[in-house]
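User: I am new to reading protein models, and I would like to ask why certain words are used for certain parts of this one. Could we go through it step by step?

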Amino acid sequence: MSQPPLPSNPALRVLYSWFFDNIHVDDTWVKQVRELAQRGSVVYVLRNLNPVDFLALDHLTKRYDLPQVGFVNDLRLGVLSPLPGGWKQLIGAKRKITPAEELRTALRTGDSAALFLKRPPSMMDIAGGASGNRGLKEGDELLATLVDMQRKSDRPILLVPQVFLWSNRPDTHGSHFLDVFFGPREWPSPARTIAQFLYNYKHVVMRAGEPLPLDEYLEEHVGPTDETHVRRIIYVMLRRLERERHAVTGPALAPPDRQRSQVLRSPKLQQIIAHMAGDKQEDRYALTRQTLSSLRSMQATPDGATIKALEVLLDRVFHRIYAGIDVDREGLEALRERTKEATLVLLPSHKSHVDYLVLSYIFNYENLSLPFIAAGDNLSFFPLGIVLRRAGAFFIRRQFSGDRLYSATVEAYVRRLIRDGHTIEVFIEGGRSRTGKLMRPHVGLLAMLIDAALAIPNKKVVFVPISIGYERIVETSSYGKELIGGEKNKEDAAGLFKSTEVLRHRYGRINVQFGQHLSIESTLGDLDLDKDDLHSPARRRSVVTRLANRTMEEINRVTAVTPGSITAIALLSDERRSIAHEELVLRAKQLLRFLVSMNARVTPRTAVDGELREEAVNEAVEMFVDAEALEVQRAGEALPLEKGKSGDRSANIGEGVFYRIPERKRIELDTSKNIIIHFFVERALVSMAMLMRPGLDAEEDTVRERVRKLSELFKHEFRFRADADFDTIFDQTIAAMQANGEVVRTGDGRLDAGDGRDGWSGRVWLRTYVSILRSFVEGYRIAARGLGALLKGPLSEKDLLKRSLSIGHRMYLSGELERYEAISKPILQNALHAFKDEGYIQARDNKFTLTTSFSSAEAVRAIEGRIAGYLDMTPEA
């Protein structure tokens, strides 16, 4: 696009180039205005009279070569006016024609027009209370002129709501003494607008609402007087302008004490306090004080200065440790549209403490209202708690079942947030996943949010599944220690300062993907229920469970493949001691082709047109080498290559080198691999069932039954599809593998390896799928052998896990296990849940015991043998 000519006025040239070039303009706005200008006459409708808004609009129409603004109502800019005749206003010359005639002339000559609907209250208006803190009439007569023009012309007049947001911070309830001098935030004076711009110049944004074609409006509304038309049009325009404004700033914030008072007045909360207090007034006062104390500990108190400071800090930190943030643009824009009509509940995955900052950072950068974030009270320690609270976090206990008053207080608080229209962010997994896989959803807070939404029927609430992915997680090292049996470190100030170690490393890119928007109504439809059915507690629970499961399915579906995840899974699924660079790239290419065939999302840095970028593998290898999770060695050299004097590790990466994973670092790479492992699970189970003894050419019914048992065994480990039964999923998986040449159906109802594809035989593909899941089977084998400890008597879960982890280390050292990452506490915990479901063990008084049928050493060995059999393959397999 050629550079538009700058205005001849020197003052305007400086103003336009210094200030207005920083305004964020949506490309769709430019396209929309051009299309509207071809249809008819464009009239930009702005909320309140403000010369800065008009000058910005004039600059943007010139910058993008749009129809020039030929009229604006009652600004009197004098020499600063970009319109003809500004000097006459300066000397006070009388206007020869009326504003209505000027407007008609501008539109007839092909120009556009700018129309301000309201005039900000003056200092005297505010001081005297005459305005009620509202804008005063300004554009009514000119709107009547437009209505009259449209009646007499076939050329459409298109009203385009236009809003400039000089600050993305929310308004606050009540007035401030500075409003007398600078105008209220809702109706800012030019002085306030300029101050907001200077403070917030990175986030100045221009938004356009849905246009209103006057000709169509008049055809639909025949009969009312012009005065009625004007009132209706102003109402429609103000509503559309406010929707755009609300999408950026969010609802107004109530002072903390007022918000606590509003929460305390909740009828449901008051009912519970009254019920618990009975007839004792003293108890009622005590319970009220307890509730207020809980609210103070819980409540978020967003603060603009803190958010501004965090913006600067996170800009530096994120650019230092991450190579960038990839955001699902289409999903983000869909979210932006949703904010105009609904209250959002964001449901992201949770793998790192960085998650608490990522969405707020993106929303702040993208000029979306910042969410209120549900955080565990373990993060409320000084000084982090103060910062997070002022950034929008509210802190709740990790466990509060049985505490009726606290539960009611939390529910009343989130209900108030929903009623006020605030975006809420909840980590549905409860805690951070140490393995990279999604954990089972914790539905307690989700159930409260659903109850709160149902209690406010006039509020539309939308639930948004979100995948937050990392190529390498900053807590990977501490996770690795926890997974093999180390104690979890308590969050405190000392740990916060020690965490500055992360600034010395690079962690690849963050990736954020948005899933399909969900609602209570759509969930009811899935279950063939209506809202009247929700009076039943059982059906209410089924809605909560269904929404939680749909959320997890969506997060898995939209999780994107990154250079780190594809490289990690290629490394860990290879059975050799080390792998050549060329073989690693080939392996990553093959696995990526499979993922593309599964419709997995792939980040731009990973592939181009579905084919792997070799540079992506190089970048991931460099990141893992920096973390000492990968060693680089050249053939014939005894020792791994060291970092050169320049500190550049990338010089040792590429053709001719081999990569080896240090044994104790495999579990750290495993977190990167597991982010995308769910795409492979169904084929891996089929492959395992086909390759186990007696080997290939197995009866399909036998394979089906083996896969059924494996699915039941791993139901706590992996998320299986809920939209079809087992046989349907099995048949679809076999059909897909057959289409890809990985398996073949023989005429006598048997399954064998196919001819393969992309240079790999069907047998190689089957072994690769099994290799991806091998560590989990070995982990369950460890747990099975650990059951032998119960032969001596009951054990708590903690003690049984401790003994099983020790057994796992011995099994690995003795060569019974291939994968060090199999020695993982979460895998063992899931295995124990599966063994309980299988009837091997039972829980009594918080301790595990063997059931009667499996209380002998032979029975325990049989359990282990059954699991080990899934990896017992013939040599030719």
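User: Which residues are linked in a network of salt bridges?

Analyst: In this predicted model, the network of salt bridges links Glu700, Arg704, Glu705, Arg708, Asp727, Asp731 and Arg745. The structure holds 66 salt bridges.

User: What makes the contact of Glu864 with Arg785 a salt bridge?

Analyst: The closest N and O atoms of Glu864 and Arg785 are 2.7 Å apart, and the term asks for a side-chain nitrogen of Lys or Arg within 4 Å of a carboxyl oxygen of Asp or Glu, so the pair qualifies. Because Glu864 lies in helix H35 (residues 857-868) and Arg785 in helix H32 (residues 762-786), this salt bridge ties together parts that are 79 residues apart in sequence.

User: Why is Glu864 called buried, and what is Arg785 called?

Analyst: Buried means under 20% relative accessible area, exposed means over 50%, and partly exposed lies in between. Glu864 has a relative accessible area of 10%, so the word buried applies to Glu864. Arg785, with a relative accessible area of 27%, falls between the two cut-offs and is therefore called partly exposed.

User: How do you know that Arg550 and Asp526 meet in a salt bridge?

Analyst: The N to O distance between the side chains of Arg550 and Asp526 is 4.0 Å, and these two side chains are counted as a salt bridge. The pair links distant parts of the chain, with Arg550 in helix H24 (residues 537-558) and Asp526 in helix H23 (residues 520-526), 24 residues apart. Arg550 has a relative accessible area of 14%, which is under 20%, so Arg550 is buried, whereas Asp526, at 43% relative accessibility, counts as partly exposed.

User: What are Asp723 and Arg721 called, buried, partly exposed or exposed?

Analyst: Asp723 has a relative accessible area of 58%, which is over 50%, and is therefore exposed. Arg721, at 32%, lies between the cut-offs and is therefore partly exposed. Asp723 and Arg721 also form a salt bridge, in which the closest N and O atoms are 3.0 Å apart.

User: Which residues gather in a patch of negative charge on the surface, and why can Glu582 belong to such a patch?

Analyst: The patch of negative charge is made of Glu582, Glu614, Glu615 and Glu655. A residue of a patch needs over 30% relative accessible area and no salt bridge. Glu582, at 37% relative accessibility, passes the cut-off for area, and because this value lies between 20% and 50%, Glu582 also counts as partly exposed. Along the chain, Glu582 belongs to helix H26 (residues 581-597).

User: Why is helix H17 described as largely enclosed by the rest of the structure?

Analyst: Helix H17 covers residues 355-365, and nine of its eleven residues are buried, so the rest of the structure largely encloses this helix. Among the buried residues of H17 are Tyr356, Leu359, Ile362 and Phe363. After H17 comes Asn367, whose phi is positive, near 60°.

User: How do you know that strand E4 is mostly covered, and which strands are joined to E4?

Analyst: Seven of the eight residues of strand E4 (residues 112-119) are buried, and this count is the ground for calling E4 mostly covered. Strand E2 (residues 41-48) runs parallel to E4 and is joined to E4 by five bridges, including one in which Lys118 is the partner of Asn48. Strand E3 (residues 69-72) also runs parallel to E4, with three bridges, and Val69 has Ser112 as its bridge partner there. Two strands pair if there are at least two bridges between them, so both E2 and E3 count as paired with E4.

User: What makes strand E9 and strand E12 edge strands?

Analyst: Seven strands form an open sheet in the order E9-E15-E14-E10-E13-E11-E12, with mixed pairing. Strand E9 (324-327) and strand E12 (393-396) each pair on one side only, and they are the edge strands. Strand E11 (residues 372-376) runs parallel to E12 and is joined to E12 by four bridges, and Gly376 stands opposite Ile396 in E12.

Terms used. Residues are numbered from 1 along each chain as its sequence is written. This is a predicted model: local features need pLDDT of at least 70, side-chain atom pairs count only at pLDDT 80 or more; totals for chains, interfaces and linings use all residues. Side-chain values use heavy atoms; hydrogens and water are left out. Patches are made of residues with over 30% relative accessible area and no salt bridge: like charges are joined within 9 Å, nonpolar side chains (Val, Leu, Ile, Met, Phe, Trp, Tyr) within 5 Å. Accessible areas come from the Shrake-Rupley method with a 1.4 Å probe; for residues, only the protein chains shown count as cover. Lys and Arg count as positive and Asp and Glu as negative; His and the chain ends are not counted. The place of a charge is taken as NZ of Lys, CZ of Arg, CG of Asp or CD of Glu. Helices (H or I, at least four residues) and strands (E, at least two) are DSSP runs, numbered from the N terminus. Buried means under 20% relative accessible area, exposed over 50%, partly exposed in between (1.4 Å probe, protein chains only).
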